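Trainee: Please pick one part of this model and take me through it slowly. Once that part is clear, I'd like a quick look at the rest.

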Amino acid sequence: MTRRSLERVKLAVVNLFFILLCFAVLIPILYALSVSLNADNSLLSANFSFLPKHFTLRNYRAVFVDEPIMLWLKNSLILAVITLLVSLGTGIPAAYIFSRKRFAGRRLILNALVLLYAFPSLLSMMALYKLLTPMGLINTRLGLIIVYTGTMAVFALWNMKGYFDTIPLEIEEAAKVDGASPVQIVTRIVLPLARPTIAVTAMMILIYVWNEYIFAINFMTGSDTYTLAAGLNSLQATEMSGSWPVFSAASLVVSFPILIIFFALQKNMTTGLTSGGVKG
Amino acid sequence: MNSDTKKKKKRADTLFAYLWSAPSLLLIFLIVIFPILYTGYISVTNMNVYHWNNYEFIGLQNYKDALLVFDNGFLSALFRTILWTAVNMVLQLILAYVLASLLNIKGLRLRNVYRTLLIFPWAMPGYVSILLWKTGMFNSQFGLLNQWLTKAGLEPVKWLGSNFMAFFSCTVVNLWLALPFMITIIDGALQSIDRSFYESAVLEGATWFERTRYITLPMIRPIIAPSVIITVFTTFKQFDVIYLLTQQVGSKTGADIHTILTYAYEKAFITNNYGYSSAISMMIFAMLIVFSWLSKANTKEASI
Amino acid sequence: MRRTGFLSLTVAAAVMLMCGCGAANSKLSEEEAHRIVIWHDKEDAVTGVLEEKLKELEPEVTIVLEKKSDLTESLKMVGNNPSAAPDMYFFAHDKIGVYAEMGILSPITDIIPAEELSGYMQNTLEAATYKGEIYQLPIYYETLLFLYNRRYMSDDAVPETTEELYDYMQEKTGGGHYGFVEQHSTPYYAAGWINGFGGRILNDDGTPGLNSDAVIAALAYHKKFADLMPGETEYATVNTLFNEGMAHATIGGPWLIPTVRESGIDVGAAPMPVIDETGTPIAPYMGVQGIQVLQYAASNKTESVEKVLRALMDPEVQISLAQASGCAPASEECYTMPEIADDEIVMTMKETAEHAVPMPNLPEMDVMWTVVGNLLTDVNMSDEDVAESAEKAQEEALSLIKTMQ
């Protein structure tokens, strides 16, 4: 066998593996898809098939017509975009500073941050509520945005700082010799190099805001302020009410925008560093 | 430059550093640190259903009571939590590494399609996924897994019934939820490695194993380290997977796979005694600090 | 440029924190005083009726109905924050003890004089009473029902005693079919058996009764039934088994009936089987669904609150709501009206309710659900010794209750 055909066999095997793996990974989601397209009002059945026996789009119509999903979408979008901007806007400078500068208290703060992240969040909600109430931030978007950015700030700072550490200082020094200003160095050199980590961090933040419902329900009471995740949660089939197929349909509808964003962001992650020069 | 101007410069640098990181640190203070301080404060009061607004300082009474929770059940839950974290992290890293490496094989045209499909689980709200797994996959009567087993002529399995199976099933779900992130991180790290390193290594006759051991791993380690550390803590405090799959009131499965958080939840949080449960949270937190301090002292790994 | 924006935003937040400027409250605006927010966890059919009826109060009172899936937890957090809390909530009576102790509920009698409540069935009012005060305006009540699939079980073949039921189960269980299924390890369902033996999960004085002989006997007896049911018996499984015609009979709530009928099953409801050992029927918990008023609304929006409550006291409204939910209305006089008196399911429920035990509304009950859930799991699924497990659970309950205080 020639080297080339060996390569080809290898690729075919890898492709087959990934096709099977993707199918296996998607089984629960295909399951939800099938339930959402099935006219029978049940999540479970003794003889399940991925192709619905009584095909219907009724559940999707129910999601779009009976529920104010566009309002939820708008609320989610506003929160997601602002949270993303604030998180990156505060996180990038902080991460950069913590990566490049050496100053008193730096080590302590970095060490403390991860530990703080480990605190069981079961209780912190009550405390947050008590904090935001006197500030008049309950039932306001600003309050929720502060909560979201604060929650993700540790991750953003820690994650991006780690990546900045791997970008060699020499590149910046060379630019400095060429007469670039500090701001230019960051925006023209560091940020493009750090695109993968910014993309990952942005993804994490987006997914968090998109799927978070506990704060969304409790800190913004009133169904006209529901986000997609909060609305989805209110559709949840409980013992007495709710419809599994509608819930499944809504779950898929909610996940779809995120999937598109994944796809869009992925290009950024793959073309991030081709110039080489990452220190080991 | 005399030492005085040096000192001045240093002070200016520090000020500059804090100024630029202030917004981020302030947010962290508000949303992360303050609640912990507040929890500490509640833990020395008698805030509970009977003293909701008129709670008062009762000193360390709650801590004294809380020591009762640290019984045998707690110790085995603690052991299980550590096992859970270790098993999940090891599997996560190995699987993510293998998959990310395969994704980076030269000539794989559909890699972006695979990438997007593989991270789909990440896009769904966690509780929805867990619900789907529980009722759709694991249900012993109607779950897909058992339907397939029966069709294949095998005995149906109680996926969440026994301790071992429940631990296994929870691990599968946790991996399903967590792998997309890990794959993305490692995938990104792999792509940042300069191809020329490999080329010269191949020229020198290095095997795949040697390339992995001496080039790939040392190269990606610093890049993925922060995400891995964060994930360790996320895994440690994972509550939803185990609670929703096996311990939810009304649909307990008979398996006892409590971690310290689900255990503390059943022993403290359901009492609506906030003072008491805060004391327990603070003690778990203190334990975490000791643990991470010990592990750091042992491995000297944290290269901050 | 952008960063200065963020800086000032956070600085603004910090300033707000320091001066602690709370939301301006004092006098309610005209509009706010006439806006009543009601939280609930009900199905769409019930909400629809409620919405339509309360629309009639406009323009004097505007009603906002909000569905909360985690209503009880949310209330704990926001209960005493008027800007976030609802004015009323529509929920079962079993949480009133907790909220009354927290001081966020107002007695109904502060608004509606007690003598006007005399038309309600006595046991619904008892359920609504905590420490001598009535905290809930009852609307309808529910109990679990013995439901059967007429395809397998004809009306005259319905087991009258538990032993008959057991024989039926032994005969019919197998090959994927089950003679009878219930959520055997869920406290709400198992409570019927415990109560039928004269045992109590929580005594009226707030002490747990899990190690009593009656409870132990009930658990031991109940286990032989559980052994003939599938291992997993949470709601989804039981519901689907019955829905797909694989379980011949079940004990379930009235909320099950619409979906069962939709899947084409001719479902019948019968009185609970009599337990041979004690001569009393299985006695499930009774839950009274009704309106609770939050303290802030009661003292600041008294007029509007009263209008809403009075509207819901109308027997006609109760009947429509009861029919929408499949439950039984709380006012005595409804039962003289033909639409209720002719309803097989509702009348069966009323009969079941004569033996039913109102769910305890004491705060202590909060921890009992978990403890009893563990106990049932230990006995039914892990095959542990009944008396030992009961003793262990009793101790556990005692220590948790002590922790509450």
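Mentor: Let's go through chain C and the way its domains meet, then turn to chains A and B. Keep in mind that this is a predicted model.

Chain C splits into two domains, and neither is one unbroken stretch of sequence: domain 1 takes 29-142 + 286-358, and domain 2 takes 143-285 + 362-404. Going by C-alpha atoms, the centres of these two domains of chain C are 28 Å apart. Where they touch, 21 residues of domain 1 of chain C meet 21 residues of domain 2 of chain C.

Stay on the domain 1 side of that contact for a moment. The elements that put two or more residues into it are α5 (96-102), β11 (285-294) and α16 (344-355) of chain C. Of these, α16(C) gives the most, with eight residues. As for chemistry, this side of domain 1 of chain C is a mix: eight nonpolar residues, seven polar and six charged.

Now step over into domain 2 of chain C, whose bounds include 143-285, and look at strand β9, residues 249-252 of chain C. Both of its faces are covered. On one side sit A249(C) and I251(C), on the other T250(C) and G252(C), and all four are buried. The pairing partner to look at is strand β8 (residues 145-149) of chain C, which runs antiparallel to β9(C) over four bridges. To place one of those residues, find F146(C): its bridge partner in β9(C) is I251(C), and I251(C) is one of the buried residues just mentioned.

As for the other chains, 79 residues from chain A and 81 residues from chain B make up their contact. On the chain A side, several helices each supply at least two residues, among them α1 (3-37), α3 (69-100) and α12 (244-270) of chain A. The largest share there, 15 residues, belongs to α6(A). By type, the chain A side divides into 54 nonpolar, 20 polar and five charged residues.

A word on how far to trust chain B: its pLDDT averages 85, with 96% of the residues scoring at least 70. Confidence in chain B is highest in helix α3 (residues 72-103), at a mean of 92, and lowest in helix α9 (residues 195-203), at 80. Take care with residues 300-304 of chain B, where the pLDDT is below 50; that stretch has four contacts beyond near neighbours in sequence in the model.

Terms used: Residues are numbered from 1 along each chain as its sequence is written. Chains are lettered from A and ligands numbered from 1 in the order in which they are written. This is a predicted model: local features need pLDDT of at least 70, side-chain atom pairs count only at pLDDT 80 or more; totals for chains, interfaces and linings use all residues. Domain bounds come from an automatic or database domain assignment. Two residues are in contact if their C-beta atoms, placed from the backbone, lie within 7 Å. Ala, Val, Leu, Ile, Met, Phe, Trp, Tyr, Cys and Pro count as nonpolar, Asp, Glu, Lys and Arg as charged, and the others, Gly among them, as polar. A residue is buried if 20 or more other C-beta atoms lie within 10 Å of its own, exposed if 12 or fewer, and partly exposed in between; C-beta atoms are placed from the backbone. Two strands pair if DSSP finds at least two bridges between them. pLDDT is the predictor's confidence in each residue, from 0 to 100.
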